[in-house]
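Me: I would like to go through this model with you, one packing question at a time. Please show the sequence and the structure before we begin.

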Amino acid sequence: MKVVLIVGDGMSDRPLRELGKKTPLEEAHTPNMDEIASKGICGIMDVISPGVPPGSDTAHLALFGYNPYDVYTGRGAFEAIGVGIEMLPRDVAFRCNFATVSEDGVVIDRRAGRIDSETAAELARSLEGVKPSTHPDVEVLVKHATEHRLALVLRGPGLSKMVSDTDPESPQKPLEECKPLDNSPEAKKTAEVVNELTKLFREVLEHHPINRERAEAGLPPANAVLFRGAGTLPRLDPLSSQYGISFAAIVPTALIRGVAIAAGMKYIPVEGATGTTKTDVMAKARAAVDALKRYDFVFVHVKGTDNASHDGDYRTKMEMIERIDEMVGFISSKISGDDYLALTADHTTGTRARKHLGDPVPVAIYGAEVRVDDVRSYSERSCAKGGLCRIRGVDLMPILMNYVDRGRKFGA
Ligand SMILES: [Zn+2]
């Protein structure tokens, strides 16, 4: 008995005027998802809590059965783990952006024109070895993630995650100063390090040949680094020790990969899986089927649906949904009769609102012993009529483990 969990990031949506008040999931052609819903048990899920828009990281913590309000230690840590930095218990991690900042310190473009990964990786390498002179006992680890994103870890005595972001969150606003969020000397020291690094990084980047070339080509220079989401190493009881089975993850997005690794899943890299709308979903599907030979539980994540929603692009979102449908069809045709397949989203991302929303997401579970209900299609509205009714994100993992006889009994 094995389990495949497929998550379409931000796949759930609200009815859209452009689609005649249907959602992208309702309007897209999804015969395979509909089959899972028809032969399975369906429901809707408040991933965090009704009306609370989940972040992708807290959402996945919940989907893996952890109460995010108990275990969440900030986004930076997951991003750092996701790019392969071994975090130590006292490290403080940030998720950073390359950005374009004017001479007088105004952020013009928070993503430096969505700089490509190769160029950004080279710029990130130029930041390695930069040391804060005010606190020479602090080591700085920098690693590129995808596109404009990088992870940064501060290592040394007396650091704290209680510091503010330098990212003003919207363009045309000045780069913020990092401030301590409590009165501890640790927060004060960390803020000083971040502010000095911000200056030092700007000096390095301003004179980097790549940025001179970008300026000549009329591209926005990646001349500053924005610091966001300070976090420390999360302490999660690994899933394998909780349930006594093995877990693997196919997830090219660094942040979600970090959550999966922190939960004790084995990360399986897949060539062609990019974490964007250009991803090769069938390569993921094949990798998932292959991983099922070696692991009991395989988590497959597709990010493109969320990217399209944030861009307000419902057509690309529907295309991504139809490609996920193809993936679902392939995987469901390869699993054996006593395996289970669950299909859901980590949150609703409104294509009109271009952000995460607190509406529940659809969930369908297909497998030999589910109580098949009357739902015949996979969508936000149809799944609401299913036998799972309305569950919370943290309920999903126990429900799946119960199906494969790994439920943890409470009481005598
Ligand atoms: Zn998400």
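Me: Against which elements do the buried residues of α2 pack?

Reply: This is a predicted model, in which local features need pLDDT of at least 70 and side-chain atom pairs count only at pLDDT 80 or more, while totals for chains, interfaces and linings use all residues. Residues are numbered from 1 along each chain as its sequence is written. In α2 (31–39; helices are DSSP runs of H or I with at least four residues, strands runs of E with at least two, numbered from the N terminus), N32, M33, I36 and A37 are buried, that is, 20 or more other C-beta atoms, placed from the backbone, lie within 10 Å of their own. Counting contacts as C-beta atoms within 7 Å, they pack against β2 (41–46), α13 (314–334), β12 (340–344) and β15 (361–367).

Me: Which strands stand at the edges of the open sheet?

Reply: The sheet has 8 strands in the order β10-β9-β11-β1-β12-β15-β2-β16, with mixed pairing, where two strands pair if DSSP finds at least two bridges between them. Two of the strands have a single partner each, so one side of each is left without a neighbour in the sheet: β10 (266–267) and β16 (389–392).

Me: Which residue in β10 does A248 stand opposite?

Reply: Strand β9 (247–250) pairs with β10 in the parallel sense, over 2 bridges. Within this pair, A248 stands opposite K266.

Me: At roughly what angle do the axes of α3 and α14 cross?

Reply: A59, A62 and L63 in α3 (56–63) meet G393, V394 and L396 in α14. The axes, lines fitted to C-alpha atoms over the stretch in contact, with angles from 0 to 180 degrees between N-to-C directions, come within 6 Å and cross at roughly 35°.

Definitions and conventions: A residue is buried if 20 or more other C-beta atoms lie within 10 Å of its own, exposed if 12 or fewer, and partly exposed in between; C-beta atoms are placed from the backbone. Two residues are in contact if their C-beta atoms, placed from the backbone, lie within 7 Å.
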